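Trainee: I should like to learn how the terms used for a protein model are justified. May we take them one at a time?

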There are 2 protein chains.
Amino acid sequence: VRDERPIHYRIFGMAKELEREGKPVIHMEFGDPYVEVDPEIVHSMCMSALSGHTHYSQPAGLDEFRERLAEHVNKRFSTSFSPSNVVVTPGSKIAGYLAIRALARPGEKIALVSPIWGVYYALLREAGVEAVDIRTSFESGWVPDEEAVHEAVERGVKAIIVNNPNNPTSVVLSREVVRAVAEIAGERGVYVIADEVYLDFPRGGFYSFLETGYENVVALYSFSKSYAMTGFRLGYAVADERVISEMTRLLQLYFTNVPEFIQHAGMRALEMPWVVERVTRTMWGRTDFLASELRRLGFEFVYPQGAFYVFAKVPSPWRSGAEFCEALIREKYVSPAPGEGFGGYSGFVRFSATAGIEVLREAVERIRSFLEEHGG
Amino acid sequence: VRDERPIHYRIFGMAKELEREGKPVIHMEFGDPYVEVDPEIVHSMCMSALSGHTHYSQPAGLDEFRERLAEHVNKRFSTSFSPSNVVVTPGSKIAGYLAIRALARPGEKIALVSPIWGVYYALLREAGVEAVDIRTSFESGWVPDEEAVHEAVERGVKAIIVNNPNNPTSVVLSREVVRAVAEIAGERGVYVIADEVYLDFPRGGFYSFLETGYENVVALYSFSKSYAMTGFRLGYAVADERVISEMTRLLQLYFTNVPEFIQHAGMRALEMPWVVERVTRTMWGRTDFLASELRRLGFEFVYPQGAFYVFAKVPSPWRSGAEFCEALIREKYVSPAPGEGFGGYSGFVRFSATAGIEVLREAVERIRSFLEEHGG
């Protein structure tokens, strides 16, 4: 019931099919910021490859890169991690999978605070781990209820997956909530898998699970969003040495290591905080534009605070996210993601503000006429 | 019993430790050809990344690349695969894992013809699949016995993994043996997972499992060896659409896709057959040098025909590959791989001829004095 791949797939498939037929599809279902990567980052990659960094390498990542990543995290969160607390991964999805594998055996349980990126349900299933859903609601601003977290912990879960800032809701958890979740997890030593890949997007503050001082945290980060480097497949995890070492063992078994030249690209990126500024400011502009336009059209949602998604209630007369998306794609070639794909939130739909303003403007126009034609 | 990671690890760990202490370690335990990648290939990658191929992409690989790969295979093996029979993977190890996952469920069985790269035992265990070992012997030239293959098939295995040309023995199976294995597998419709990443190294002919016409073949290939592109992590698999589609589903779940710019590097490589010529000729020279020198030192082995490894009997007085390797590393800083790591062949040791001739010459000198000091 939790896994909604079929609906996701059918709807993504529809958009692709229409695109192949030459229809002017606007994709609002992906999380890939349409911002070009800084050429300096590409140059660093090229110089690295040209100078011979094209061989097998250390499974956990280059020592120098892990050191810089540890410093980066320590500076930001006032922590004291060493390179041995870091593993470099080909994207953060696999980092999530490796964390799941490191923390739970088949048949054991892991909780997740939903709505959450549907991939997590699929990763848990692949690992043979049972998903325990901690549901939240629009009415409570998508903030998890402490009692519900407590219940999950009492059910013997090995870890709790929390995506903060959240995809799809763009909600940022407060310091108090983050600390409360860590504290409840701490009652039984349960790990928190903190997917914090949107850490640079909150406009207000951001409080990381790493800042709680709770020891059993596996934090996941990525270069995809902050540096618009989705296509490089570069992420990393920060955790205690035991977990990092188990994640590294699996990583080496599957891939050997992340290409050295991609790690050098990441190293250069870390030296350019202005790139993050540029990407986040661009995405704020797009998100504000989309959110305010959708609000004018009558959509209800918690205003996006920490990511570039608008997670809105499905308007009448549609009865589900899937139904709404299917009709919108078929009639107007605009393709958002149904809430079904984020843990069965069928009353919602996620719009990504990843495209440029001109494309978003066109998308909003089409949605407007779509609503009008259906008596909205 | 089959998985010998601990021994492998302890011995690799020793070499690393001595290297950190500043000792002049010669690595003969890895399969990374020390040949520089063609700069043209790197340039293609850079141009691709600079022109914006830095976003999420098709999970199975770029249509154009899959088309070229299908053509490449079809031209070489007179087959008629289409792009939908190809999936591009980050290395061939993960391709092997995805094939295993696509063909067998936890608790089911897969056979492997050994000796074989130890990673396969670990991948099977990760997938929860039971390994059924089809053992071969030095005396029979490391060629599998048909009766043994038949017995494995009768035990209800879902697939047979055959690495041909073989790592660690460098043996190339004849057309007759390949056809016989395919035929026996065909009796029960069992899949053959044909790891053919060394396909370009045989000096004589090479007959692929794809040439048998047997439908249930998953063939694994890589740019690592033929193009000296180990650090790019680029491989691909060829199989029927059902298997490719399941492998793609898992690949997308784990990694999204192989970076487009790395696929463009691979596309350029395919246009440069002279690179393969250069790499293979270089590696033949090194392999011939090492093999003839080791033979002069009295080592016994099947002469390498299709890869750059010498899989030799452990000389007396050592009683196992692990014991031999440990002593050689400790006393002479030369680090081969013990036969234990290839399916428990403890009477053997694998020397890689991956380094340049000068380094190999030094390695041989050290091995000579090592044998002399131990009364050889």
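Mentor: We shall discuss how the two chains relate, how they meet, and one sheet.

Mentor: This is a predicted model, in which local features need pLDDT of at least 70 and side-chain atom pairs count only at pLDDT 80 or more, while totals for chains, interfaces and linings use all residues. Residues are numbered from 1 along each chain as its sequence is written, chains are lettered from A and ligands numbered from 1 in the order in which they are written, and side-chain values use heavy atoms, with hydrogens and water left out.

Trainee: What turn and what shift lay chain B on chain A?

Mentor: A turn of 180° with a shift of 0.0 Å along the axis lays chain B on chain A, and the RMSD is 0.0 Å. That is the relation of a two-fold axis. The copies are superposed by least squares on the C-alpha atoms of residues with pLDDT of at least 70 in both. Cys46(B) is the residue of chain B that comes closest to the rotation axis, at 2.8 Å (C-alpha).

Trainee: How do you know that the copies meet through the same surface?

Mentor: Of the interface residues of chain B, 100% are also interface residues in chain A, so the surface is the same. Contact means heavy atoms within 4.5 Å, and 49 residues from chain B and 49 residues from chain A take part.

Trainee: What area do chain B and chain A bury between them?

Mentor: Chain B and chain A bury about 4,000 Å², 58% of it on carbon and sulfur atoms. Buried area is the accessible area (1.4 Å probe) that two parts lose on being put together, summed over both.

Trainee: What makes the meeting of Arg101(A) and Glu126(B) a salt bridge?

Mentor: The term requires a side-chain nitrogen of Lys or Arg within 4 Å of a carboxyl oxygen of Asp or Glu. The side chains of Arg101(A) and Glu126(B) meet at 2.5 Å, N to O, so the pair satisfies that rule. Between chain B and chain A the count is four salt bridges.

Trainee: Why are S11(A) and S12(A) said to pair?

Mentor: Strands are DSSP runs (E, at least two residues), numbered from the N terminus, and two strands pair if DSSP finds at least two bridges between them. Two bridges join S11(A) to strand S12 (residues 348-352) of chain A, so the requirement is met. In S12(A), Arg350(A) is the bridge partner of Ala337(A).

Trainee: In what order do the three strands form the open sheet?

Mentor: The order is S9-S12-S11 in chain A, with antiparallel pairing. Strand S9 (309-313) and strand S11 (337-338) of chain A are the edge strands, as each pairs on one side only.

Methods. Helices (H or I, at least four residues) and strands (E, at least two) are DSSP runs, numbered from the N terminus.
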